[in-house]
Amino acid sequence: MMKDLKPSQIVDELNKYIIGQDNAKKAVAIALRNRWRRMQLDPELQEEIAPKNIILIGATGIGKTEIARRLAKLTDSPFYKVEASKFTEVGYVGRDVESMIRDIVELTVNKLRIKEQEHVQEKACKISEERVLDLLLPSENKPLNTDLNTDSENTVAFDSSGANTRKKLKSMLEKGKLDSREIELDVSDNSSPVVEIFTNAGMEEMGVNMKDMLGNLMPKNTKRRKVKVSEALKIIAQEEAAHLVDMEKVKTDAIYMVEQSGIIFLDEIDKIVGKDNANNPEVSKEGVQRDLLPIVEGSSVPTKYGTVNTDHILFMAAGAFHITKPSDLIPELQGRFPIRVELHSLGKKEFAQILTTPKNALLLQYIALLRTEGVELSFTDDGVDRIAAIAEEVNNTTENIGARRLHTLMEKLLENILFQAPDVKEKNIEIDAAFVDNQLKDIVEDQDLSRYIL
């Protein structure tokens with residue numbers, strides 16, 4: 001379930017990576033905290049409290065997706081991001097809206113399975129050691145593995161009972177003295193023919209079910225491989241860990257987590273908003289909205305792990321809404337997204353902060369990259385200000401792509417340094433305003449050129 005984070009703590013964590021957009025951070029923090037508050041109530045009252053879905057409105061490159069991405073790392077709740085433009089109306093070839101519920105369940109099952117396998121890893125490793133010892137030790141029908149006696153230091157004297165031999169081998173195995181030895185091992189062959197079938201449930205869902213069905217009907221293929229002992233220990237431990245996990249419990253827990261604390265981020269929701277006319281593509285966009293409506297309102301979606309109820313899944317939507325506006329959504333869908341937050345455009349001040357302030361600041365990334373070549377890169381305050389000013393200027397004169405403009409500028413600015421870094425003699429390089437102007441001024445002044453390069 002979701003971590004117990006206060007709204008102020010959520011905002012503080014987001015501030016480490018995202019500059020500005022305080023209103024959006026506040027709205028998201030409240031929504032996440034309300035998930036936790038609801039879980040503290042009596043079950044009867046829990047069912048009555050519906051999540052307050054959010055629409056984040058703003059141009060590209062201003063932090064909408066980054067907020068969602070960072071939220072995924074802040075919470076233990078099931079999280080899934082999908083572009084609304086990928087969906088098509090029922091009856092058209094493409095992904096149906098229910099596939100996002102199947103996807104979030106699949107991700108959650110995998111996450112829980114990995115976590116459970118980690119819990120039983122110690123037991124799996126012990127079983128793996130015993131199985132490897134069985135392969136190393138001779139049996140009545142198997143000749144002695146003389147390869148074990150080729151190294152005088154690691155010589156094992158085999159006795160008739162085998163008990164002492166096994167003990168000595170186990171000691172050598174634990175010390176890593178047998179890691180380079182080769183043994184024959186039966187390894188599962190997971191490859192299977194791809195079967196694609198188009199159905200109302202969606203092609204990808206039926207494809208998975210067909211594989212599962214064929215897997216149960218047909219015997220599992222294995223192939224014999226010669227592997228080193230160290231690799232055999234890992235392979236067997238993985239197989240044993242998978243067998244030790246109670247998958248029925250994993251499936252039940254995954255569905256419960258998705259239903260009670262799942263978060264789905266619907267990006268590019270403005271792409272499924274069409275203006276009123278009779279063209280088929282616009283009708284299809286409205287059809288996607290109508291297909292989306294029951295999922296957001298709350299309905300039961302069948303998955304291969306069981307039926308999932310979407311009543312309490314939190315939906316966060318985002319879109320630029322340049323041509324359209326949220327009120328162009330069908331009224332029923334508008335009502336299911338009561339919280340709307342407009343994110344503001346970024347200017348010179350925000351760009352300067354983005355370059356230097358976050359934990360993953362762009363300048364820190366380039367400094368770290370060039371340090372691997374022994375080059376110490378530094379940026380003066382006036383150099384940072386000049387980069388930020390150019391980013392704002394280019395965004396105003398060409399297409400406004402927000403903070404993504406900084407990536408383009410930095411690559412062009414440091415192009416020669418990045419290319420010459422392995423061979424450059426001067427290992428201390430300072431980037432000031434004069435250096436920035438020298439590299440970028442001509443491109444910025446030539447608007448036709450800047451449209452192509454920046």
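**Exercise 1.** How many nonpolar, polar and charged residues are in the lining of the second largest pocket? Describe this pocket and its lining in the predicted model.

*Solution.*
- Step 1. The lining divides by class into 15 nonpolar, 13 polar and 12 charged residues.
- Step 2. The volume of the second largest pocket is about 960 Å³. The pocket is lined by 40 residues, of which Thr60, Gly61, Ile62, Gly63 and Arg404 are the closest to its centre.
- Step 3. Two or more lining residues come from each of helix H4 (64-74), helix H11 (280-297), strand E8 (314-319), helix H14 (362-371) and helix H16 (404-413). Helix H4 contributes the most, namely four residues.

**Exercise 2.** Determine which residues of the largest nonpolar core touch the most other members, and examine the contacts of Ile431.

*Solution.*
- Step 1. The largest nonpolar core has 60 residues; those touching the most other members are Leu56, Leu377, Phe379, Met410, Leu414 and Ile431.
- Step 2. When neighbours within four places in sequence are set aside, Ile431 contacts Leu377, Ser378, Phe379, Thr380, Gly383, Leu413, Leu414, Ile417 and Val436.
- Step 3. A separate second core comprises 43 residues, including Ala124, Val245, Leu292 and Phe315.

**Exercise 3.** Check the span of helix H15 (residues 381-397) against its expected value, and identify what covers its buried residues.

*Solution.*
- Step 1. Helix H15 has 17 residues, so at 1.5 Å a residue it should span 24 Å. Its end C-alpha atoms lie 25 Å apart, which agrees.
- Step 2. Buried in H15 are Gly383, Val384, Ile387, Ala388, Ala389, Ile390, Ala391, Val394 and Asn395.
- Step 3. The elements covering these buried residues include helix H13 (348-356), H14, strand E10 (376-379), H16, strand E11 (428-431) and helix H18 (433-445).

Notes
Residues numbered from 1 in each chain as written. Predicted model: local features only at pLDDT ≥ 70, side-chain atom pairs only at ≥ 80, totals over all residues. Heavy atoms only, no water. 1 Å grid on protein atoms, 1.4 Å probe; cavity = no way out; pocket = protein on both sides within 12 Å on 5 of 7 lines; lining within 4 Å. Points joined across faces, edges and corners; volume = space filled by probe spheres on them. Nonpolar A, V, L, I, M, F, W, Y, C, P; charged D, E, K, R; others polar. Core = buried A, V, L, I, M, F, W, Y, C linked by side-chain atoms within 4.5 Å. Buried < 20%, exposed > 50% of the residue type's maximum accessible area, 1.4 Å probe, protein only. Contact = heavy atoms within 4.5 Å. Expected span 1.5 Å × (residues − 1).
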